[in-house]
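Reader: I've got this model open and I'd like a close look at one part of it, the aromatic rings and what surrounds them. Could you walk me through that, starting from the chain as a whole?

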Amino acid sequence: MLRFVPPAGFPLTTRQILRALRLSFGLRQGADQNLTSIATGLRARYVFGTSSGRAALCLVLRSLSRLKPGRNIVALPAYTCFTVAASIVRSDLKMFPVEIETQTLDFDFSQLEAVPAEKLLCIVTSNLFGLVNNLGRTWEIARNKGAFFVDDAAQALGASRNGYSSGIYGDVGIYSLGRGKALPAMEGGLVVTNSEEIAGAIQTELKQVPQASRAHSARIFVEMLAYSVLLNPSLYWIPNSLPFLKLGTTEFAPDFPISGLTAISQALLSDQLGRLENVNSIRRKNATTISNSLEGNERFSTPKPSPDSQPAYIRFPVIARDRAARDEAVSRMRGAGIGAGPFYPEAVCDIAGIGPHMATDDFHRPRAEDLARRLFTLPTHPLVGRGDLDRMIAILNES
């Protein structure tokens, strides 16, 4: 099929990318003041740019370790992105996976409260698919344990709960600017904090981080142009048919590079930040259409956002009755030209060779492991048409 709807995306035009290129010439790479407009848009006192979301998290974890050197354990959701685990390993810290609630994709807070306080450095949220976690309760538990609260909003830029934006509620937060995120700049990550102490530690860590080369920046520019063209459903089948691109592949790779954010990524992000709420509103509308169609469906359900939240829904999560039902739905969706797919292939506790990096011998979490076998996602971005939604709904509701 020549028409294939990408699993996620943020439409960009060649004109917008060329404008970002022009703006980037006026930026001094690596200077914090270059991120001033972004800090204002995010309502954060301090903002720092890095080469990726995982680099941002690694920078945060190393900085927090400077402030509490006697603590080396990170509590994280048992079902979350492999890059979170990779960043913890890269930071020479230990993981304590916490079970999750299937209906919210948030922590099982009874288990989070049971995490030993001794040596606990921080608690990291997930905010999967832009569904904002219970930030207030996580904050309270972190405080009671003398730990930091890291609000991982890699997938939740522009999402909020109870009036608080995901990413800026905790002691420190991160965003990802990679392809498929809420507002992609091809690559990059942001660290945000309102803490002067944490900002100082981050600045110390950043002194050891090299800046992106001109050759790398040029490659990012070319990737932006390709992205703007190939994201179109009439052309996305081209990259989707090239296995060496590894689209949709999740890998555990702690040896990732860390560098500064390229000037062109900074410029594109700053220029497009004003479009984010409109794009997120379209994502929410498409997600609501699919969700409403699943009422009474015995084979498929979906996690429910809190009534006081505004999700970003960079993808729409669906939980199948069992693995067979998921695999059949994904196969039929893809056959109909819809970029559906399983998400993370395993829970964090099932990653091959992860045992030595755990803070406890009892690290398997059954609900998270079961979710990994049943969850898949559907596209919600502005390039999803009414006909695409109708095809998704028909496949999900066929008996």
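Author: Let's start with burial: this is a predicted model, and 58% of the 399 residues in the protein chain count as buried. The chain carries 14 helices and 16 strands. Its radius of gyration is 20 Å against the 21 Å that the globule rule gives for 399 residues, so the chain is as compact as a globular protein of that length. If you want a box for it, the C-alpha atoms fill roughly 55 × 50 × 40 Å along the principal axes. Sequence-distant pieces meet a lot here: take the contacts between residues at least 6 apart in sequence, and 76% of them join residues at least 24 apart. On the outside, the accessible surface comes to about 16200 Å², with 51% of that belonging to carbon and sulfur atoms.

Now for the rings. There are twelve aromatic pairs in total. One of them is Tyr164 with Tyr169: the ring centres sit 4.8 Å apart and the planes stand at 90 degrees, and since anything over 60 counts as edge-to-face, that's what this pair is. Neither ring is fully tucked away. Tyr164 is partly exposed at 45% relative accessible area, and Tyr169 is also partly exposed, at 22%, where the cut-off for buried is under 20%.

Phe343 and Tyr344 make another pair, with centres 4.4 Å apart and planes at 55 degrees, so this one is tilted. Here both partners are buried: Phe343 has a relative accessible area of 13%, and Tyr344 comes in at 4%.

That second pair belongs to something bigger than a pair. Ring pairs link Phe343 and Tyr344 with Tyr79, Phe82 and Phe129 into a cluster. Two of these members are worth following outwards.

Take Phe82, which is one of the buried residues of helix H4. H4 covers residues 82-90 and is mostly covered itself, with seven of its nine residues buried. Along with Phe82, the buried set consists of Val84, Ala85, Ala86, Ser87, Ile88 and Val89. What lies over them includes helix H3 (53-67) and four strands: E2 (73-77), E3 (94-98), E6 (120-124) and E7 (148-152). Just after H4, Asp92 takes a positive phi of about 60 degrees.

Then there's Phe129, which sits in the loop between E6 and helix H6 (135-144). E6 is also among the elements covering the buried residues of H4. Phe129 is buried, with a relative accessible area of 0%. Its backbone deserves a look too: phi is positive, about 60 degrees, although Phe129 is not a glycine. As a rule, most residues other than glycine have a negative phi.

One more aromatic residue has that backbone feature. Tyr313 has a phi near 50 degrees, again a positive value in a residue other than glycine. You'll find Tyr313 in the loop between strand E13 (309-310) and strand E14 (316-320). Tyr313 is buried as well, at 6% relative accessible area.

Finally, since you'll probably ask about charges: the chain has 43 positive and 36 negative ones, and their mean positions are 7 Å apart.

Technical notes. Residues are numbered from 1 along each chain as its sequence is written. This is a predicted model: local features need pLDDT of at least 70, side-chain atom pairs count only at pLDDT 80 or more; totals for chains, interfaces and linings use all residues. Side-chain values use heavy atoms; hydrogens and water are left out. Helices (H or I, at least four residues) and strands (E, at least two) are DSSP runs, numbered from the N terminus. The radius of gyration is taken over C-alpha atoms; the globule rule is 2.2 Å times the number of residues to the power 0.38. Buried means under 20% relative accessible area, exposed over 50%, partly exposed in between (1.4 Å probe, protein chains only). Contact means heavy atoms within 4.5 Å. Accessible areas come from the Shrake-Rupley method with a 1.4 Å probe; for residues, only the protein chains shown count as cover. Lys and Arg count as positive and Asp and Glu as negative; His and the chain ends are not counted. The place of a charge is taken as NZ of Lys, CZ of Arg, CG of Asp or CD of Glu. Rings of Phe, Tyr and Trp (its six-membered ring) pair if their centres lie within 6.5 Å; planes under 30 degrees apart count as stacked, over 60 as edge-to-face and the rest as tilted.
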